[in-house]
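Open the structure in your viewer and keep the sequence panel beside it. The stops below each begin with something to select.

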Amino acid sequence: MSFGVGREEIQKPQPLSTGQNGNVVAVLPSMATAHRLRLNPNTEHKPESYEGLQLEFSPLLFSSLERYLPPPLLSLPRDSKLHYMRDIIIRYSPDGERTRVQRHREYRRKIISRYQPLHRELYTMHASNFFAPSFLKAINENKEQSFRSIMAEPIPGVFTFEMFQPRFCQLLLSEVENFEKWVYETKFRIMRPNTMNKFGAVLDDFGLETMLDKLMEDFIRPISKVFYSDVGGSTLDSHHGFVVEYGIDRDVELGFHVDDSEVTLNVCLGKQFSGGDLFFRGVRCDKHVNTETQTDEILDYSHIPGRAVLHRGRHRHGARATTSGQRFNLLLWCRSSVYRELRKYQKDFSSWCGECQREKKEQQRVSIAATKQELLKREGKPATRT
């Protein structure tokens, strides 16, 4: 796979794009004449942390982008590198997009300055208090064998495993309910998680962005590096984190769709409910997203509080009706700006798209059959039917 340029630097600017939920989907910025990036990352360089700074974009985006800086810049102070990268992003971001991003940041700052958290311990990563011991042990060992030892894989590419402790689920549910109570009492107009869910809350918007960054970077990316390297699993650098609510007086079900993510984490938080099964129907690229489902791609999954489902964002899925009670789920859409840039130049997705795989196999079958017929013809033997 190639960017289609022969030099080390990219020279044509590419804009930032947005996902359906209205959040920025950052792509690898190209370079101006005075500001250039390397085409290939410096994998040995350890990026700095940009957390805690007032930034228009995710701190992880800057950490990820730092690996692409020209070698002379890597030894400069963090502020210098930040200014260099920010200038690139801003320069090639359309005016309207810059305005929208700035407004969203202002919106978040307004919420965070007014909303008083109920459980402050949620806002900083406390792994031993959040995660099930089995999950934490596998992450610390950081080996494919360790990951597989705690996981079930009912169909290829969909993994389920115990992830959160019951207390963490209870605290997060309580925090979301407290935030929604505050929204109701103050009549504050909030943005919902995406265009499909009318109920729920974006966790990043009321202060949980830093914690969720750590969740993605330290706990989801190591797994994704092993199982989803074909869709940028090793370069995840931004996220969209939210909780959705299902019930008779909430969203009841969710239609057939794909996510605006490379990798999706879905964890049931509770409460008491029946129904609401997830159904999966095969992984597809944009070209084949509406093609038929094959028998071996069908999976129905019943939610269990604290248990996670991890899958590619392009894995087609939906949620059946929640027939009683209330169901709350934590969703973390994990994205890779590098992969999204590379995907622009890629035409064959047979490494992960089921329909691309079938088309490739059929092309190979036809080619082999044609070659066989030609050989038989040359030897004077009767052709065979294929």
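**Start at a loop residue**

Select asparagine 142: apart from neighbours within four places in sequence, this residue is in contact with Phe147 and Pro222. Asparagine 142 sits in the loop that runs between helix H5 (133–141) and helix H6 (144–150). The model on screen is a predicted one.

Now add valine 226 to the selection. Its C-alpha is 9.5 Å from the C-alpha of asparagine 142, although the two residues are 84 residues apart in sequence.

Is asparagine 142 buried, partly exposed or exposed? Its relative accessible area is 46%, and because partly exposed covers the range between 20% and 50%, asparagine 142 counts as partly exposed.

Check the backbone here as well. The phi of asparagine 142 is near 55 degrees, a positive value in a residue that is not glycine. Most residues other than glycine have a negative phi.

**A second positive phi**

Go next to lysine 187, in the loop between helix H7 (166–186) and strand S5 (200–202). Its phi is also a positive value, near 55 degrees, and lysine 187 is not glycine. With a relative accessible area of 73%, lysine 187 is exposed.

**A cis peptide bond**

Select glycine 270 and lysine 271 together. What is the peptide bond from glycine 270 to lysine 271, cis or trans? The bond is cis, with omega near 0 degrees. Most peptide bonds are trans. Lysine 271 is placed in the loop between strand S8 (263–270) and strand S9 (273–275).

**A buried arginine**

Move to arginine 307, which lies in strand S12 (residues 307–312). Its relative accessibility is 16%; the limit for buried is under 20%, so arginine 307 counts as buried. Show what surrounds it: leaving out neighbours within four places in sequence, arginine 307 is in contact with Ala152, Thr160, Phe161, Glu162, Asn266, Val267, Cys268 and Tyr301.

**Two helices that cross**

Select helix H2, residues 78–91. This helix has 14 residues and reaches 20 Å from its first C-alpha to its last, close to the 20 Å expected at 1.5 Å a residue. Colour its buried residues, which are Lys81, Leu82, Tyr84, Met85, Ile88, Ile89 and Ile90.

Then add helix H1, residues 59–66. The axes of H1 and H2 come within 11 Å and cross at roughly 100 degrees. That angle makes H1 roughly perpendicular to H2.

Which residues meet between the two helices? From H1 they are Leu61, Phe62, Leu65 and Glu66, and from H2 they are Lys81, Leu82, Met85, Arg86 and Ile89. The residues of this contact divide into 6 nonpolar, no polar and 3 charged.

**Zoom out**

Finally, show the whole protein. There are 10 helices and 14 strands in it. Of its 386 residues, 52% are buried. Among contacts between residues at least 6 apart in sequence, 79% join residues at least 24 apart. Switch on the surface to end the tour: the accessible surface of the protein comes to about 19100 Å², and carbon and sulfur atoms account for 50% of that.

How values were computed: Residues are numbered from 1 along each chain as its sequence is written. This is a predicted model: local features need pLDDT of at least 70, side-chain atom pairs count only at pLDDT 80 or more; totals for chains, interfaces and linings use all residues. Side-chain values use heavy atoms; hydrogens and water are left out. Helices (H or I, at least four residues) and strands (E, at least two) are DSSP runs, numbered from the N terminus. Buried means under 20% relative accessible area, exposed over 50%, partly exposed in between (1.4 Å probe, protein chains only). Contact means heavy atoms within 4.5 Å. Accessible areas come from the Shrake-Rupley method with a 1.4 Å probe; for residues, only the protein chains shown count as cover. The expected span of a helix is 1.5 Å times one less than its number of residues. Axes are lines fitted to C-alpha atoms, for helices over the stretch in contact, and angles run from 0 to 180 degrees between N-to-C directions. Angles under 35 degrees count as roughly parallel, over 145 as roughly antiparallel, 65 to 115 as roughly perpendicular and the rest as oblique. Ala, Val, Leu, Ile, Met, Phe, Trp, Tyr, Cys and Pro count as nonpolar, Asp, Glu, Lys and Arg as charged, and the others, Gly among them, as polar.
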